Amino acid sequence: MVKIAEENLRFGASELEQAHVCFKEYGFALLENIIPQDDIECLTDKIRTFYQQLLKKEYKKTESLSLDQLYFEAKKEFPEHAPHFMNIVRDFPEFHQFISNKALLKISEFFLKTKAIQSVFDTSAMRIDEPNPKPSLEWHQDYPFNMMADDTITYWIPIQDIGIEHGPV
């Protein structure tokens, strides 16, 4: 595990090189603290507001609910629209800003050895999985979903604290 603090993008080349070696050898690298907490909160606040407005509930009634719980409430209230809730999040400017974070782009440039980096918003996934011993998405590799390109990186970025009760990664 490589811990990289996103302090004005000043993480060192040696830390990136260590993560890159892991990525090349194992197909993944675990990087922590890449996106500033303020940026994460900006996105989670937008998602929270979306669900609160959808549910037409006062902030006080929902402030203690997690994003997962808000999603499940909205899904119960509007089951016919539930499949679209995650896709709506992809259209938020805050989501675009989040997945185009300068630190992610810098890491992508370093790993792929190119400055020609794209963040493809319309295929980026936002997921909330229901608690279930059987995951909603079985174990898989993202290669077929990345247009079968070797020069692609998939980032998995939790936007809230996660634990074993959330299931496997």
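# Exercises on a predicted model

At the start of helix α7, a side-chain oxygen of N101 comes to within 2.8 Å of the backbone nitrogen of A103. The model used in these exercises is predicted.

**Exercise 1. Describe helix α7 from its start to the residue that follows it, and state which of its residues are buried.**

Step 1. Locate the helix: α7 covers residues 102-112.

Step 2. Look at its start. The backbone nitrogen of A103 has a side-chain oxygen of N101 within 2.8 Å.

Step 3. List the buried residues. They are A103, L104, I107, S108 and F111. Viewed down the axis of α7, these buried residues fall within an arc of 135°, so they line one face of the helix.

Step 4. Look past the end. K113 follows α7 and has a positive phi, near 55°.

**Exercise 2. Find the residues that have a positive phi without being glycine, taking N33 and K113 as the cases, and decide whether each is buried or exposed.**

Step 1. Take N33. Its phi is near 60°, a positive value, and N33 is not a glycine. N33 sits in the loop between β2 (31-32) and α2.

Step 2. Check the accessibility of N33. The relative accessible area is 53%, and exposed means over 50%, so N33 is exposed.

Step 3. Take K113. This residue is not a glycine either, and its phi is positive at about 55°. K113 belongs to the segment after α7.

Step 4. Check the accessibility of K113. With 54% relative accessibility, K113 counts as exposed.

**Exercise 3. State where H20 lies, whether it is buried or exposed, and which residues it contacts beyond its sequence neighbours.**

Step 1. H20 is part of helix α1 (residues 13-26).

Step 2. Its relative accessibility is 8%, and the cut-off for buried is under 20%, so H20 counts as buried.

Step 3. Leave aside the neighbours within four places in sequence. H20 is then in contact with F110, F111 and K113.

Step 4. Connect this with the earlier exercises. F111 is among the buried residues of α7, and K113 is the residue that follows α7.

**Exercise 4. Compare I159, I128 and S119 by location, accessibility and contacts.**

Step 1. Locate them. I159 lies in the segment after α7; I128 lies in the segment after α7; S119 has its place there too.

Step 2. Classify I159. At a relative accessible area of 17%, I159 is buried. Not counting residues up to four places away in sequence, I159 touches I40, L43, T44, I47, L67, F98 and M126. I40 is 119 residues from I159 along the chain, yet their C-alpha atoms are separated by 6.2 Å.

Step 3. Classify I128. Its relative accessible area is 12%, and I128 is buried. Leaving aside neighbours within four places in sequence, I128 is in contact with L67, D68, Y71, F72 and M86. F85 lies 43 residues away in sequence from I128, at 9.9 Å from C-alpha to C-alpha.

Step 4. Classify S119. At 24% relative accessible area, S119 is partly exposed. Not counting residues up to four places away in sequence, S119 touches I99, S100 and L105. The C-alpha atoms of S119 and L105 are separated by 8.5 Å, with their positions 14 residues apart along the chain.

Step 5. Put the lists side by side. L67 is touched by I159, and L67 is also in contact with I128.

**Exercise 5. How many cavities of 30 Å³ or more does the whole structure hold, and which residues line the largest cavity?**

Step 1. Count. A search of the whole structure finds 1 cavity of 30 Å³ or more. The volume of the largest cavity is about 30 Å³.

Step 2. Name the lining: D39, C42, E94, Q97 and F98.

Step 3. Assign it to helices. α2 (37-55) and α6 (93-99) each supply at least two lining residues. α6 gives the most, with 3 residues.

Step 4. Relate the lining to Exercise 4. F98 lines the largest cavity, and F98 is also among the residues that I159 touches.

**Exercise 6. Summarise the whole protein.**

Step 1. Elements: the protein has 7 helices and 2 strands, in the order β-α-β-α-α-α-α-α-α along the sequence.

Step 2. Burial: of its 169 residues, 28% count as buried.

Step 3. Contacts: among those between residues at least 6 apart in sequence, 62% join residues at least 24 apart.

Step 4. Surface: the protein exposes about 11,900 Å², and carbon and sulfur atoms supply 53% of it.

Note on methods:
Residues are numbered from 1 along each chain as its sequence is written. This is a predicted model: local features need pLDDT of at least 70, side-chain atom pairs count only at pLDDT 80 or more; totals for chains, interfaces and linings use all residues. Side-chain values use heavy atoms; hydrogens and water are left out. Buried means under 20% relative accessible area, exposed over 50%, partly exposed in between (1.4 Å probe, protein chains only). Helices (H or I, at least four residues) and strands (E, at least two) are DSSP runs, numbered from the N terminus. The arc is that of the directions from the helix axis to the C-beta atoms. A polar contact is a pair of N or O atoms within 3.5 Å; within protein, one must be able to donate a hydrogen and the other to accept it, and residues adjacent in sequence count only if both atoms are side-chain atoms. Contact means heavy atoms within 4.5 Å. Accessible areas come from the Shrake-Rupley method with a 1.4 Å probe; for residues, only the protein chains shown count as cover. On a 1 Å grid over the protein atoms alone, a cavity is a set of points where a 1.4 Å probe fits but cannot get out, and a pocket is an open set with protein on both sides within 12 Å along at least five of seven lines; lining residues have an atom within 4 Å of a point. Grid points are joined across faces, edges and corners, and a volume is the space filled by probe spheres set on the points.
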